[in-house]
Amino acid sequence: METASDITLVLLAAGSSTRFGLPAKKQWLYQGTEPLWLRVAKNFEAAAPFARIVIVGAPDELAYMRLFAPEYRYVSGGSSRQASLRNALAEVETPWVLVNDIARCCLDPALLERLLAHKNEAACIVPALPAVDTVYYRNRPVDRSEIRLIQTPQLSRSALLSRALETGDFTDESSAIHALGERVVLIEGSPRAHKLTTPEDLARLECLEAPASEPLVGTGIDTHAFEAGKAMILGGVPIDSPFGFKAHSDGDVAVHALIDALLGAAGMGDIGEHFPDNDPRWKGADSMRLLEAVVARIRGCGLTLRHVDLSILAETPRLSPYKEQMRARLAAGLGLPLPRVNVKATTSEKLGFVGRKEGITVHAVATLGYFNWKEHL
């Protein structure tokens with residue numbers, strides 16, 4: 001294969017997958033224990049020795065992505081594909097850049113070799129497929145032999161691509177460079193480079209591997225002192241009590257412990273990293289809304305909730321009458337059936353600060369799994 005030492009690989013993985021219609025984003029469909037974006041990056045890396053690999057991801061997912069492969073460069077995506085690519089080009093120092101959408105997830109090594117073999121023939125080298133069906137344009141048939149279906153990856157001269165992207169709005173690199181008046185060369189594409197757009201496409205992509213079945217387990221512990229005259233919310237349920245919790249948010253210690261357990265199972269840090277207590281946005285925040293935001297992020301990143309279990313240590317108030325309400329409220333917030341959400345309440349036998357009726361501690365355990373996209377084929 002031709003050299004790639006003067007090429008930076010850019011992988012676009014910042015999309016919201018709104019057309020995909022599944023809980024997990026396309027880039028987070030797990031292949032074994034690896035998210036799709038990482039599997040694609042590794043496949044490209046194994047195929048050619050690129051000077052640098054740049055991953056473009058959603059701003060709130062970058063820190064998490066970096067944990068999987070810290071050796072890559074990570075860039076925040078923009079409001080559009082073109083904006084994301086402009087951000088990535090700021091990290092490109094090589095004369096050539098190869099851009100691929102993560103949705104084109106099945107790498108064809110022969111296609112990559114063809115791209116590299118034509119590297120010096122134009123400003124942009126683009127894989128394309130002929131149209132095999134009859135084509136109409138504005139309700140009139142056109143000569144399909146003149147039609148080409150453009151794919152990625154596309155190989156472009158970095159400086160020209162950066163300049164071209166500033167001249168208008170484009171759906172791909174070749175369009176931008178063509179508008180600049182530079183030469184674009186079309187080469188033979190590959191059916192393997194089919195784009196993952198809807199769940200129906202999953203069956204067409206033979207390179208995809210089923211997600212692993214192993215569970216992911218996390219624990220969470222939180223403690224809050226009582227504060228007189230404040231409403232008590234515990235497990236998302238109002239509790240009849242003359243005091244609530246001393247906290248920046250509403251102080252729902254059960255939900256806070258649960259959030260930490262969920263984040264722990266996902267490897268996403270802790271509640272303080274996501275909702276710091278010195279941020280005015282979370283002053284008096286409804287903890288159930290925080291829980292729902294965490295659940296949405298976990299699901300978007302290719303994981304599913306399986307089971308949670310909470311142990312509440314409280315000398316006061318008496319919580320037995322509220323346990324089933326808490327179970328139902330948490331189950332609704334988590335999107336889990338009642339048997340998958342367990343809430344226990346006990347005392348500390350009058351020992352420690354809980355025994356002195358100074359506050360409450362909650363221990364939580366959460367079990368996650370990889371989203372089984374195979375079930376949607």
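How many of the residues of β1 are buried? Seven of its seven, so to speak the full strand, and that's where I'd like to begin. Quick reminder before I go on: this is a predicted model.

Okay, β1. Both of its faces are covered. On one side you have I7, L9, L11 and A13, on the other T8, V10 and L12, and they are all buried. As background, side chains in a regular strand alternate between the two faces of the sheet. As for neighbours, β1 pairs in the parallel sense with β6, residues 96-101, over six bridges. T8 has V97 as its bridge partner there. β1 also pairs with β4, residues 52-57, again parallel and over six bridges, and in that pairing V10 is matched with V54.

Now move along to K25, in the loop between β1 and β2. Is that lysine buried or exposed? It's buried: the relative accessible area is 18%, and the cut-off is under 20%. Leaving out residues up to four places away in sequence, K25 touches G15, S16, S17, A58, E61 and G300.

Right, charges. The chain carries 41 positive and 45 negative side chains, and the centres of those two sets lie 3 Å apart. Side chains of opposite charge can pair when their charged atoms come close. In this structure there are 17 salt bridges.

One of them takes us back to β4: R52 with E93, at 3.6 Å from N to O. That pair links distant parts of the chain, with R52 in β4 and E93 in the loop between α3 and β6, 41 residues apart. R52 is buried at 17% relative accessibility, while E93 is exposed at 67%.

Then there's E292 with R289, where the closest N and O atoms are 2.7 Å apart. These two are about one helical turn from each other, because they sit three residues apart in α9. Both are partly exposed, E292 at 29% and R289 at 39%.

Another pair is E358 and R356, at 2.9 Å between the closest N and O atoms. E358 is partly exposed at 38%, and R356 is exposed at 51%. Elsewhere, salt bridges with shared partners join E34, R39, K42 and E209 into one network.

Zooming out to finish: the chain has eleven helices and 19 strands, and the C-alpha trace spans about 80 × 40 × 40 Å along its principal axes. Of the 377 residues, 52% count as buried. The accessible surface comes to about 17400 Å², with 50% of that belonging to carbon and sulfur atoms.

Technical notes. Residues numbered from 1 in each chain as written. Predicted model: local features only at pLDDT ≥ 70, side-chain atom pairs only at ≥ 80, totals over all residues. Heavy atoms only, no water. Helix = DSSP H or I, 4+ residues; strand = E, 2+ residues; numbered from the N terminus. Buried < 20%, exposed > 50% of the residue type's maximum accessible area, 1.4 Å probe, protein only. Contact = heavy atoms within 4.5 Å. Pairing = 2+ DSSP bridges. Areas by Shrake-Rupley, 256 points an atom, 1.4 Å probe, with all protein chains shown as cover. Lys, Arg positive; Asp, Glu negative; His and termini not counted. Charge placed at Lys NZ, Arg CZ, Asp CG, Glu CD. Salt bridge = Lys/Arg side-chain N within 4 Å of Asp/Glu carboxyl O.
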